[in-house]
Amino acid sequence: MTAMSTRTKLGVVAVSAVLLGTVAAGYAATAAQPDRTPPPAAGADQAVTLTSGPRLLAITDRHVSSVAAADPTGPRTVSGLECLRVYAAAGTGVCLKPETPWTYQVVVLDAALRPTRSVPVPGLPNRARVSSSGRMVSWTTFVGGDSYTTSGFSTRTGILDTATGATVMSLEEFAVTRDGRAYRSPDVNYWGVTFTADDNRFYATMSTNGKRYLVRGDVAARGVETVRENVECPSLSPDGTRIAFKEAIDADPAKGWRLSVLELATMRVTATAETASVDDQAAWLDAGTLAYTLRQSDGRPDVWTVPADGSGRPRLVLPGAESPSPLT
Amino acid sequence: MYLSTVSRPDADPPSSGRPRRGLALVSGNVVALGTVSLITDVSAEMVTAVLPLYLVLGLQLSPLAFGVLDGVHTGASALLRVVGGFAADRFRRRKLVAGVGYALSAVAKLGLLLAGRSVPAIGAVIAVDRLGKGLRSAPRDALITLSTPPEALGRAFGVHRAMDSVGAFLGPLAAFAVLLAVGQSYDAVFVTSFCVAALAVVVLVLFVRERPSGEPTDGPHDPKVSVREALGLLRSRPARRLLLAAALLGLATIGDGFVYLLLQRREDLGLRWFPLLAVGTSLAYLVLAAPLGVLADRIGRLPVVVGGYAALGATYLLLAGPVHGWPVLALTLVLYGTFYAATDGVLIALAGPLLPPRLRTTGIALVQTGQALAYLVSSVLFGLTWQAWGPDTAIRVAALAVGGVLVVTVLLLASPPRLFTRKVPR
């Protein structure tokens, strides 16, 4: 090494740079994916509508699509609207839509899938919900990764009242009552809102101090209170009596989640027949059926259903789709 | 006698009559190390920029599951840092240990490809990257101190840290360029990042010298550094005071996360602009690192470090104060960047001469570890204070703590040592 002149060394660095550059470029060339926009179904940009009917709404290859509920494996209608999460109720839809690969917006859709409002949001899409009347819209994004060496991920959950335009950009603005006492902490995070029928009260997950709580919130009063521990991604049943949620196994999310149902009157929890770890906010297709996304080992999504009462078996209904929603 | 170097470098043996050459910037070894850091930071920040996209959108994982092992990582990283520092001193292979650290982080980039969707595997890969970072920084900084005359250390560290942050700025741009070129292939970003990191290792191997000319160290026949000798470092008064001061200063920092969160809350800043707060701070750091390093060589390192922590205190006061608006926001970021520029490299420049060359890597590793652990404690304490009394009180308490820590630091590092022999806790 000592015998090498500076000039030789610079030469070696230059050659290394060229070699390494070739490796990188070569890998990039083989890895480069063709534009993934063309959806698989029979022709793009078909008319998906959000009017009530016996259809299922879902994302297929990053595009909003729908299929007949009675024949989910049948022909799928795929629109040209690109979304990472979608949900709809009473003719109102919410779509978490990419603006650029690293910025997203919440878009409120009318029944013909036309945007009526949009809100730029920070971070990466995670959850989206609409209240049963179609008036209230909510979303959750992941924010963070500011530094590779810290795992500083957090969530932001917002609520939009489509009737008034009033927007809560982050539930962290709300006052917290934990176990009956006022509580505050910088590490409070919210995710997974589900609205009650009055378009004001809602349930959501609040995490703080390493624990995750089911909270009951009030948009007008700008507050939340804890209801129960270890409930994530609540989804209120159509009759408002039960909450489907993912329950961290042994209260440790690292062990995965069991899709379960909480009966609000008795606070009794029933695990569903789905034993795979479910990392999703389930959707109620009817009074007795839950739909949710499961991922294969390579990350490809499929939509499954399972009875909400713990009976039966999980059923694969929409291969290659995610973010299911009934059209009520 | 070491301490006089700290506070009044001009009272030193007057640079052995060497003329002050403004243009003789820094030694070749420092430029080489700076280049390695620059290239490595491009590589690291490329991954930082796309990792959230990759985890959340590419793999559809829940990133909140990653925070669990944080404390374990920090502990392991601290231990490895000290062990690595000692090994570097014992075998006098600082370059080798630093090189292993750089290589580990490079390999970790490829590990991301192999980890797939397995959360434990991704956690392990991130841990390896972090360990590599922990391993390399002490021997790298030791090499800088050993390649630079004591009176020019501030400048050397300033230039090194500025080069480092240039890399940090270029990284995200490089990542987005790759993403634009290949679509949503995060793999291509990781491979490119690995190639960039590998180039940095090549530069290190070829251009960084283990034994810079004029290294004032022992001859080849001197006995190797023993564990006992390393422990002796903890018994030497200047070193002990230095460690104590470093840990105290670490206690005064509440962390970027809290600072930006408070800033965003008080300015009611659109959440989308949140990442720009870090950019503003880094920009101030980049611009000020070298000038403040030069200043430290002129007026003394302790005054500059003290000034840096005063800037931190002012940052906290602005966060707690009643004044709002964009000018205040900008001032806060500039002050926060000034804090980094005046303390990060300058503190090591201050520490270097207090540590015997034989044990310099170990000593620097101890300083950095002390700071890292103290910072962990302070961020937890700050969180608890926030929980108990709310953010406004918490930040005022933090500002007060900065003041208190500063007074103790000055007493520890500036006064004649004999006055304090019995007061320093063991």
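Here are three short exercises, with worked solutions, on this predicted model.

**Exercise 1. Work out the make-up of chain B: how many helices and strands does chain B have, and what share of its residues is buried?**

Start with the secondary structure: chain B comes to 15 helices and 0 strands. Next, look at burial, where 54% of the 426 residues in chain B count as buried. Finally, check the contacts: of those in chain B between residues at least 6 apart in sequence, 88% join residues at least 24 apart.

**Exercise 2. Find the largest nonpolar core and say which helix gives the largest share of this core.**

First, the core itself: the largest one has 215 residues, and V86(A), V50(B), A200(B), V346(B) and V402(B) have the most contacts inside it. Then go to the helix: α2 of chain B, residues 28–58, supplies the largest share, 16 residues. Now zoom in on V50(B): leaving out residues up to four places away in sequence, V50(B) touches A175(B), L179(B), Y186(B) and V189(B).

**Exercise 3. Trace the sheet in chain A that contains β8: what is the strand order, and which strands stand at the edges?**

Step one is the order: 4 strands make an open, antiparallel sheet, running β8-β9-β10-β11 in chain A. Step two, the edges: β8 (124–130) and β11 (167–168) of chain A each have a single partner strand, so one side of each lacks a neighbour in the sheet. Step three brings in chain B: α2(B) packs on this sheet, touching β8 and β9 of chain A, and its direction makes about 40° with that of β8(A). Last, the middle pairing: 8 bridges join β9 (residues 136–143) to β10 (residues 154–161), both of chain A. As one example, T141(A) has R156(A) as its bridge partner in β10(A).

Terms used: Residues numbered from 1 in each chain as written. Chains lettered and ligands numbered in written order. Predicted model: local features only at pLDDT ≥ 70, side-chain atom pairs only at ≥ 80, totals over all residues. Core = buried A, V, L, I, M, F, W, Y, C linked by C-beta atoms within 7 Å. Buried ≥ 20, exposed ≤ 12 C-beta atoms within 10 Å, placed from the backbone. Helix = DSSP H or I, 4+ residues; strand = E, 2+ residues; numbered from the N terminus. Contact = placed C-beta atoms within 7 Å. Pairing = 2+ DSSP bridges. Axes fitted to C-alpha atoms, helices over the stretch in contact; angles between N-to-C directions.
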